[in-house]
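Student: I have just opened a new structure and would like some help in reading it. Could we go through it together?
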Amino acid sequence: MLESSKSARVVGVDVGGTTVKAALVTGDLEIVRQDEVPTPLDDPVELLDAIAGLVERVAGGEATAVGYGLPSLIDQRQGRVADSVNVPIADIRFLDEMGRRLDLPSAMDNDANVACLAEARAGAARGAEHVVMLTLGTGVGGGLLLDGRLYRGATGFAGELGHTSVDEDGPPCHGHCPNRGCLEVVASAGGLVRAAHEVAAANPQGTLAAALAAGTEPSARRIIDGGLAGDGDCVAALERVGRHLGVGIASFVNMFNPEVVVVGGGLISAGDLILGPAADEAAARALRPSWEQTRLAAARLGNDAGLIGAAALVLEDGRAGQ
């Protein structure tokens, strides 16, 4: 953190497919206040206006800069959103558009990148300089902190770890990805539901098969709750997801030699029911010297990670003092 930013207050914005959240954050990454609005999904202008209004309300005249975490591929060279599946901002020069609405210096990045930055600065990987972040939710997001800095690649598209294939003949990936068997489809909420169907087919006398026979589609939340309550079929479905995750983690450990692999997102509420199998699988597959130096940890910041990480973007690049 830049010393000049210690006394600053900035706004961090987390744009999601359901809500847009914003928080006023101190230079020590403490949230002062926050608010949110439903995400307008029908019109990009309406969305941009809603974000601007939320920022102004949360800033209260105190903020010196604003950072944005977006569920999108970001072209950092052009300040443009290159692709965005869940919110209508694709092919928009986002910072220019927000600059027309708000008189505040700004920065933006992919939402998983800002979550990674947050966990490295104030969460489960605090103090580490080499961090892999995975977020398990509707999809699987990824972020990389290498040598203490976010790694974005040549244009800003690096870190899409959810699009690492762990099963070359697996199910087709989501969105605009042409691959198959990506973590995005086997270690996400949808992947957990798919695993539940596989467990039900293998155990037709079990609880998941009975639920399906009764016309009840098991949601990810229901499977996690069942697993935490000790339901064997739900535990088995979570183990399948954990093993897929561990295959991916082993590759990331071999590639990047991180100090910490942080796993967050909604599915991490299952805790060791996912992380345990993931650790076992990674240990069996990763190069031993690298794995022995790696810590696998659940994210600590929860829903605040996007807000804190987006704020850290502008606190660390000096914009907060402009």
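Tutor: We shall discuss the overall chain, then a pocket, then some charged pairs; please keep in mind that this is a predicted model.

Student: How many helices and strands does the protein chain have?

Tutor: The protein chain has eleven helices and twelve strands.

Student: And what radius of gyration does the chain have, set against a compact globule?

Tutor: The protein chain has a radius of gyration of 20 Å. A compact globule with 322 residues would have a value near 20 Å, so the two agree. Along the principal axes, the C-alpha atoms fill a box of roughly 65 × 45 × 35 Å.

Student: What share of the residues counts as buried?

Tutor: Of the 322 residues, 52% count as buried. As for contacts, among those with a separation of 6 or more, 65% are between residues 24 or more positions apart.

Student: Now the pocket. How much space lies in the largest pocket?

Tutor: The largest pocket holds about 1500 Å³ of space. Its lining is made up of 46 residues, and those nearest the centre are Pro71, Asn86, Asp111, Thr135 and Gly139.

Student: Which element gives the most to that lining?

Tutor: Helix H3 does, with four residues. The elements that each supply at least two residues include strand E2 (19-26), helix H3 (111-122), strand E8 (131-136), strand E9 (140-146) and helix H11 (305-316), and E1 is also one of them.

Student: What classes of residue are in the lining of the largest pocket?

Tutor: By class, there are 24 polar, 15 nonpolar and seven charged residues in the lining.

Student: Changing topic: how many salt bridges does the count come to?

Tutor: The count comes to 13 salt bridges. In general, side chains of opposite charge can pair when their charged atoms come close.

Student: Which residue forms a salt bridge with Arg9?

Tutor: The partner of Arg9 is Glu62, and the closest N and O atoms of the pair are 2.9 Å apart. Arg9 belongs to strand E1 (residues 9-15), while Glu62 sits in the loop between helix H1 (44-59) and strand E4 (66-70), so this salt bridge ties together parts that are 53 residues apart in sequence.

Student: Are those two buried or exposed?

Tutor: Each falls in between. Glu62 counts as partly exposed at 34% relative accessibility, and Arg9 is partly exposed with a relative accessible area of 32%.

Student: Where do Glu97 and Arg100 lie?

Tutor: Both lie in helix H2 (residues 94-101), where three residues, about one turn of the helix, separate them. They form a salt bridge with the closest N and O atoms 2.9 Å apart. Glu97 is partly exposed at 25% relative accessibility. Arg100 has a relative accessible area of 62%; this is over the 50% cut-off, so Arg100 counts as exposed.

Student: What about Glu198; which side chain does it meet in a salt bridge?

Tutor: Glu198 meets Arg240, at 3.0 Å from N to O. Glu198 is in helix H5 (residues 189-202) and Arg240 in helix H8 (residues 232-256), so the pair ties together parts that are 42 residues apart in sequence. Glu198 is partly exposed, with a relative accessible area of 36%, and Arg240 is partly exposed at 26% relative accessibility.

Student: Which residues do salt bridges with shared partners join into one network?

Tutor: Asp49, Glu97, Arg100 and Arg101 are joined into one network in that way.

Notes: Residues are numbered from 1 along each chain as its sequence is written. This is a predicted model: local features need pLDDT of at least 70, side-chain atom pairs count only at pLDDT 80 or more; totals for chains, interfaces and linings use all residues. Side-chain values use heavy atoms; hydrogens and water are left out. A salt bridge is a side-chain nitrogen of Lys or Arg within 4 Å of a carboxyl oxygen of Asp or Glu. Buried means under 20% relative accessible area, exposed over 50%, partly exposed in between (1.4 Å probe, protein chains only). On a 1 Å grid over the protein atoms alone, a cavity is a set of points where a 1.4 Å probe fits but cannot get out, and a pocket is an open set with protein on both sides within 12 Å along at least five of seven lines; lining residues have an atom within 4 Å of a point. Grid points are joined across faces, edges and corners, and a volume is the space filled by probe spheres set on the points. Ala, Val, Leu, Ile, Met, Phe, Trp, Tyr, Cys and Pro count as nonpolar, Asp, Glu, Lys and Arg as charged, and the others, Gly among them, as polar. The radius of gyration is taken over C-alpha atoms; the globule rule is 2.2 Å times the number of residues to the power 0.38. Contact means heavy atoms within 4.5 Å.
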